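Work through the exercises below with the sequence and the 3D view side by side, and try each task before you read its solution.

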Amino acid sequence: MINWISIAAINLAIAVGLGAFGAHGIKNMVNAQQLEWWHTATLYLFIHALGLLLVGLLIRLNIASQTTAWLLQIGVIIFAGSLYAMTLGAPRWFGAITPIGGVLMIAGWIWLAVTTFRLGNQAS
């Protein structure tokens, strides 16, 4: 079984590093729009890494499924990754995949709601 808590911790460490790089390393090398993309990517990476940390704990308690974790992880990689890539010079059309990551993250949270709702109904 995958250790989602460890993956979440790695995501959080990456988010801190990329946040610091955005605040100090690239802010004078990119335009305002690109810097905004970077900040958005970092915010979503942080939020979803924290969410993944919680999901990892819920998986250990048999309250959540691996599917939720996979959807969140793949979603944040696509969403934040595409924004980071565009900031670093990838073509603007590359942003066309950003919403795919967003949809996967939404699906992850919905899947968590569905699975925990089902679990709650089984206990009743």
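**Exercise 1. Describe the overall fold of the chain.**

Begin with the secondary structure: in this predicted model, the chain has four helices and zero strands. Following the sequence from its start, you therefore read the pattern α-α-α-α. Next consider the extent of the chain, whose C-alpha atoms fill a box of roughly 55 × 25 × 20 Å when the box is taken along the principal axes. Finally, turn to the contacts: of those between residues at least 6 apart in sequence, 74% join residues that are at least 24 apart.

**Exercise 2. Check whether the length of helix 3 agrees with its number of residues.**

Start from the 22 residues of helix 3, which at 1.5 Å a residue should span 32 Å. The expected span is 1.5 Å times one less than the number of residues, so that is the count to use in the multiplication. Then compare this with the model, where the end C-alpha atoms of helix 3 are 31 Å apart, a value that agrees with the expectation. Beyond the helix, look at Gly-89, which follows helix 3 and has a positive phi, near 120 degrees.

**Exercise 3. Find the largest nonpolar core and say which helices supply it.**

The largest nonpolar core holds 15 residues, and those touching the most other members are Ile-26, Ala-41, Leu-45, Val-76, Ala-80, Leu-83 and Tyr-84. At least two residues of this core come from helix 2 (32-60), and at least two from helix 3 (66-87). The largest share, six residues, belongs to helix 3. To see one set of links in detail, select Ala-41 and leave aside its neighbours within four places in sequence: Ala-41 is then in contact with Ala-80, Leu-83 and Tyr-84. Apart from this core lies another one, made of ten residues, including Ala-8, Val-55, Ala-64 and Leu-72. As background, nonpolar side chains in soluble globular proteins tend to be buried together.

**Exercise 4. Decide whether Trp-70 is buried, partly exposed or exposed.**

First locate Trp-70, which is in helix 3. Its relative accessible area is 40%, and because buried means under 20% and exposed means over 50%, Trp-70 counts as partly exposed. Then look around it on the surface, where Trp-70 forms a nonpolar patch with Ile-2 and Ile-74, the three together having about 250 Å² of accessible area. For the chain as a whole, 38% of the 124 residues count as buried, while the accessible surface comes to about 6,900 Å², of which 72% belongs to carbon and sulfur atoms.

Key:
Residues numbered from 1 in each chain as written. Predicted model: local features only at pLDDT ≥ 70, side-chain atom pairs only at ≥ 80, totals over all residues. Heavy atoms only, no water. Core = buried A, V, L, I, M, F, W, Y, C linked by side-chain atoms within 4.5 Å. Buried < 20%, exposed > 50% of the residue type's maximum accessible area, 1.4 Å probe, protein only. Contact = heavy atoms within 4.5 Å. Patch = residues over 30% accessible without salt bridge, like charges linked within 9 Å, V, L, I, M, F, W, Y side chains within 5 Å. Areas by Shrake-Rupley, 256 points an atom, 1.4 Å probe, with all protein chains shown as cover. Salt bridge = Lys/Arg side-chain N within 4 Å of Asp/Glu carboxyl O.
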